Amino acid sequence: MEATPMRTALNLHRPAASVSGRPLRQPCQFVGNSARRWPCARGTQAARVRASEPDVTEPSSSGSSSPKSAAALGLAEIASKRKDLELELKLAVKGEDYGAAARLKAALAALDASDPVAQAKAALEAAIREERYEDAARHQAQIKALEMELGPAALECGLLSTTSTAVTHGVRVQVQSFFLPTKSSPSQGRYMFAYHITIANDNAETIVQLRNRHWVIMDGRGKMEEVRGPGVVGEQPILLPGKSYEYTSGCALTTPQGSMEGEYGMVVLDPKDGTWAETMEVKIGKFMLDAKGPQAV
């Protein structure tokens with residue numbers, strides 16, 4: 001299903017796209033859980049392009065909710081219990097009740113031992129840290145299977161975070177999403193999010209160019225939207241070896257939580273004749289859009 005693009009004045013939250021080594025614009029201020037700052041473009045030609053470029057999507061309000069499976073209900077219960085235990089642990093530490101804190105920490109460890117989501121994420125992190133990439137791929141597939149089984153309940157179960165990193169053919173894509181409270185109207189079912197993306201060409205010799213994008217967006221009810229278009233924020237950047245490109249765009253949802261994932265269509269420069277020959281898809285790892293997560297103003 002094709003999503004309906006909209007035009008918006010998100011340029012206050014979006015930096016001038018840049019190749020590494022080029023200075024960026026003024027910083028935006030972050031509040032909430034994020035200490036990171038990203039640059040913004042104000043009053044620039046790049047900002048005007050981004051404000052009019054249909055890279056921000058707004059899903060329609062139609063769509064039905066899918067019933068949760070027993071597994072989803074069980075994992076949602078585990079996630080809820082974990083939040084309660086983590087809160088109690090913080091209160092115990094703050095009140096210097098270290099005996100209670102020790103018991104709560106043990107309870108959290110026991111909970112993680114029964115949580116397939118926590119086990120899969122911990123195993124994936126360990127495999128990447130130890131450079132066991134075959135094991136990492138297997139754990140990643142396990143997490144993907146859990147996502148497919150849980151559907152929108154994956155958001156509640158802590159399976160996703162507001163960040164993601166994916167590497168395909170030596171091209172690394174890192175994402176951080178933010179909630180935009182000043183652009184949102186929860187009473188009207190409108191939640192605006194921004195996401196900042198860094199695309200790095202980690203190849204030693206290969207030159208690539210980003211030609212198009214494809215997004216798959218899911219809201220908290222499980223409704224799917226797809227967005228396709230040329231380039232990103234009006235540009236089709238060329239990435240030299242070791243260089244990177246950054247941009248910020250946004251997405252509108254009718255629910256306070258959702259997720260995005262997708263891929264970039266890229267071409268590779270043939271060093272022999274200087275033509276853009278080989279084409280490839282570069283993965284954008286799935287990440288969460290969360291109104292309770294990091295915020296930007």
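Is Val233 buried or exposed in this predicted model? Val233 is buried, with a relative accessible area of 0%. The legends below describe close-up views of this and other parts of the chain.

**Figure 1. The chain as a whole, a predicted model.** Six helices and 16 strands make up the secondary structure of the chain. The chain has 297 residues, of which 47% count as buried. Among contacts between residues at least 6 apart in sequence, 70% join residues at least 24 apart.

**Figure 2. Two loop residues, Val233 and His169, with positive phi.** Val233 is not a glycine, yet its phi is positive, at about 40 degrees. The residue is found in the loop between strand 11 (224-230) and strand 12 (238-239). His169 is likewise a residue other than glycine with a positive phi, in this case near 55 degrees. His169 has its place in the loop between strand 7 (163-168) and strand 8 (171-179). The relative accessibility of His169 is 52%, so this residue counts as exposed, whereas Val233 is buried at 0%.

**Figure 3. The aromatic pair of Trp215 and Phe287.** A pair of aromatic rings is described by the distance of the centres and the angle of the planes. The count for this chain comes to six aromatic pairs. In one of them, Trp215 and Phe287 lie 6.0 Å apart from centre to centre, with 85 degrees between the planes, and the pair is edge-to-face. The pair links distant parts of the chain, since Trp215 belongs to strand 10 (residues 208-219) and Phe287 to strand 15 (residues 276-290), 72 residues apart. Trp215 has a relative accessibility of 1% and therefore counts as buried. Phe287 is also buried, with a relative accessible area of 0%.

**Figure 4. The pair of Tyr245 and Tyr247, and an aromatic cluster.** The ring centres of Tyr245 and Tyr247 are 6.2 Å apart. Their planes stand at 45 degrees, so the pair is tilted. Tyr245 counts as buried because its relative accessibility is 2%, a value under 20%. Tyr247 counts as buried too, at 0% relative accessibility. Elsewhere, Phe179, Tyr191 and Phe193 form one aromatic cluster.

**Figure 5. The contact of helix 4 with helix 5.** Two packed helices are described by the angle between their axes and the distance between the axes. The axes of helix 4 (residues 116-129) and helix 5 (residues 133-150) come within 8 Å and cross at roughly 155 degrees. Because this angle is over 145 degrees, helix 4 is roughly antiparallel to helix 5. The crossing of the two helices is left-handed. On the side of helix 4, the contact is made by Pro116, Val117, Ala120, Lys121, Ala123, Leu124, Ala127 and Ile128. On the side of helix 5, Asp135, Ala136, His139, Gln140, Gln142, Ile143 and Leu146 take part. The residues of this contact divide into 10 nonpolar, three polar and two charged.

**Figure 6. The surroundings of Ile199 in strand 9.** Ile199 lies in the strand that spans residues 191-201, and is buried with a relative accessible area of 0%. Which residues does Ile199 touch, not counting residues up to four places away in sequence? They are Val171, Arg172, Val173, Leu210, Leu239, Lys243, Ser244, Tyr245, Tyr247, Tyr264 and Met266. Among them are Tyr245 and Tyr247, whose rings form the tilted pair of Figure 4. Ile199 and Val175 are 24 residues apart in sequence, and their C-alpha atoms are 8.9 Å apart in space.

**Figure 7. Cys251 in strand 13.** The strand that holds Cys251 covers residues 244-253. Cys251 has a relative accessibility of 0% and so counts as buried. Along the chain, Cys251 and Ile217 are 34 residues apart, while 8.9 Å separates their C-alpha atoms.

**Figure 8. Asp270 in the loop between strand 14 and strand 15.** Strand 14, on one side of this loop, covers residues 257-269. Asp270 counts as partly exposed, because its relative accessibility of 23% falls between the limits of 20% and 50%. Not counting residues up to four places away in sequence, Asp270 touches Thr275 and Ala277. The C-alpha atoms of Asp270 and Val208 are separated by 9.6 Å, and the two residues are 62 residues apart along the chain.

Notes. Residues are numbered from 1 along each chain as its sequence is written. This is a predicted model: local features need pLDDT of at least 70, side-chain atom pairs count only at pLDDT 80 or more; totals for chains, interfaces and linings use all residues. Side-chain values use heavy atoms; hydrogens and water are left out. Rings of Phe, Tyr and Trp (its six-membered ring) pair if their centres lie within 6.5 Å; planes under 30 degrees apart count as stacked, over 60 as edge-to-face and the rest as tilted. Helices (H or I, at least four residues) and strands (E, at least two) are DSSP runs, numbered from the N terminus. Buried means under 20% relative accessible area, exposed over 50%, partly exposed in between (1.4 Å probe, protein chains only). Axes are lines fitted to C-alpha atoms, for helices over the stretch in contact, and angles run from 0 to 180 degrees between N-to-C directions. Angles under 35 degrees count as roughly parallel, over 145 as roughly antiparallel, 65 to 115 as roughly perpendicular and the rest as oblique. A crossing is left-handed if the near helix is turned anticlockwise from the far one by less than a right angle, and right-handed if clockwise. Contact means heavy atoms within 4.5 Å. Ala, Val, Leu, Ile, Met, Phe, Trp, Tyr, Cys and Pro count as nonpolar, Asp, Glu, Lys and Arg as charged, and the others, Gly among them, as polar.
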